[in-house]
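Here are my notes after a look through this one. Keep the viewer open while you read.

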Amino acid sequence: MRRFHYFLKDKLAALSLAIISITVIAGIFAPWIAPNDPEEVHMELRFASASWEYLLGNDHLGRCILSRLIYGIRPSVLWVLVALVASVGIGAVIGFIAGYFKGRIDAFLMRICDVMLSFPGYVMTLAIIGILGVGLENILLAFVLMKWAWFARIIRTSVMAYAESDYVKFSKVLGMGSLRIMRKHILPVSLPDIAVTSSSAYSSMVLQLSGFSFLGLGIQAPHAEWGMMLNEAREVMFSRPEMMLAPGITTILFVTAVNFFTDSLQVALDPKLGISGKKRQGRPDSVAGRIQRNEVA
Amino acid sequence: MPELLTVEGVYKTYRKGGMFSRERQQILRDISFEYKEGECLGIIGESGSGKSTLGRLLLGIEKPDRGTILLQGESVEKRGGRRGRISAVFQDYTSSINPYFTVEQAILEPLTLQPDGMEAKRDKVGRLLRQVGLDSSFRSKYPHELSGGQIQRVCIARAVATESPCILLDEAISSLDGSVQMQVLELLKELKDSFRLGYLFITHDIQSAAYLCDRVLILRSGQIEEIVDIKELKNVQSPYAQKLLRMMIT
């Protein structure tokens, strides 16, 4: 949290963070924030344009589009986040074990990962849905099953590099336990890598879930989901193209925000930004500070 | 003086090539020597002679294939056995302190194993910093804000903080430039007298070894060529040691 103010300095990062947090909060508190019931049908209001009661208009069944968008955050954003956390968690545990202990355990775990990674992701997800049936939870399960190996791979590589460093060697010399070394030394330094890879995977997972829902494999009607809203709008694509705007723009905005957030996360978590109190005040006048602000040619 | 470290018949090989390869490369062969408390033993060899591997074995980070390394009668491989008995300073100053740690946190790390209260520990950090020639303003600095020589000083303070009788210096001054090397060497000599420390000084530089050490062990392709008192350095027996000496001095 000490590094939080680096986000606020970078305007694009601050904007992305704002979009992401507003979306997440709106999703969590959907019943209080949404102006109408998202599943309430008003056939007399079919394709109605925006009004004060229905700010973004109504869809083909006369349901409030804004409320459906807000409720749609739950599967599209929050449940994907849960799947992400689960697969990163599994990947991190396996990656840490493999990267820190090396040797046979590493070889064994990485061969399992190789097997997992040799399946094409999309096709396997479709196969799992085919076996378990259509539904949001099955897609999420497929995500966790297919993604953990990839995270394990990346986290292992990063852990391996840090486990070789001299400060880890010194802790070993001191006689510290492996768990303690991982917690105190390796976890903090590999956290930026983990955060960056997982947030970049997040945006693609959001898109994938929306894609599956668009195909009708995800969440089932009458529940709202962004991809499914797009699919419903597709049917009237030529007569009422504006129906695609709300879910389409929301998805694009959110995914773009996540991507920009990933970029700035990488910068903000750089340890070299951690500057002790005294120097920070003197910094704007230092050469480094001026170069950063492009004042020096 | 009692023996601190006893090394007996140590062999070490590494696997060459991939995980299914049977071929092994012999790094160390039949290493035996004794190290007395408070002495300063130099371990000299060319690059590839196995001196850093020997260092890792002595620190208990890696296990020898054969042979034993005893630290005050206990195997150095046991974590509890080496706690507070041996300490180290490494070569690469860019990775010797966790980039997220301040200097104070880095020096506090070995102190967490000691029973003192937090205040006493902080005092100790200040004292240690003074002893290595850095003032208290360095406490809150991060490693990337320090120069190579300053980081090595912090690492020395961190090694001294363990209160162990022996510090292994693995090429600790080799990556510093000339004048800073000399300053650090002088610091090491001072600390040796004031804390009655012993060093295991791994280096390829005979001159700095001669400056600091009481005895030197000359390593050649994984075997001990000769162990000689520093006063007798001029009359080394083996032809390899003579050649090494001539090369270094001229």
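**Notes on chains A and B**

1. Let's begin with one glycine. Leaving out neighbours within four places in sequence, G133(B) makes contact with R153(B) and L187(B). Bear in mind that this is a predicted model.

2. Where does G133(B) sit in chain B? You'll find G133(B) in the loop that runs between α4 (118-131) and α5 (148-161).

3. Is G133(B) buried or exposed? Neither, quite: G133(B) has 16 other C-beta atoms within 10 Å, so it comes out as partly exposed. For reference, buried would take 20 or more such atoms, and exposed would mean 12 or fewer.

4. If you want a distance to check in the viewer, try G133(B) to L111(B). They are 22 residues apart along the chain, and 20 Å separates their C-alpha atoms.

5. Now the whole of chain B. It has eight helices and 10 strands, and its C-alpha trace spans about 50 × 45 × 40 Å along the principal axes. The radius of gyration is 18 Å, which agrees with the value near 18 Å for a compact globule of 250 residues.

6. On packing in chain B, 40% of the 250 residues count as buried. Take the contacts with a separation of 6 or more: 67% of them are between residues 24 or more positions apart.

7. Over in chain A, UniProt (an unreviewed entry) puts the feature "domain: ABC transmembrane type-1" at residues 73-262. In the model, that span is 83% helix and 0% strand. The C-alpha atoms at its two ends lie 20 Å apart.

Definitions and conventions:
Residues numbered from 1 in each chain as written. Chains lettered and ligands numbered in written order. Predicted model: local features only at pLDDT ≥ 70, side-chain atom pairs only at ≥ 80, totals over all residues. Helix = DSSP H or I, 4+ residues; strand = E, 2+ residues; numbered from the N terminus. Contact = placed C-beta atoms within 7 Å. UniProt positions renumbered as here; feature names shortened; annotations may be inferred. Rg over C-alpha atoms; globule rule 2.2 N^0.38 Å.
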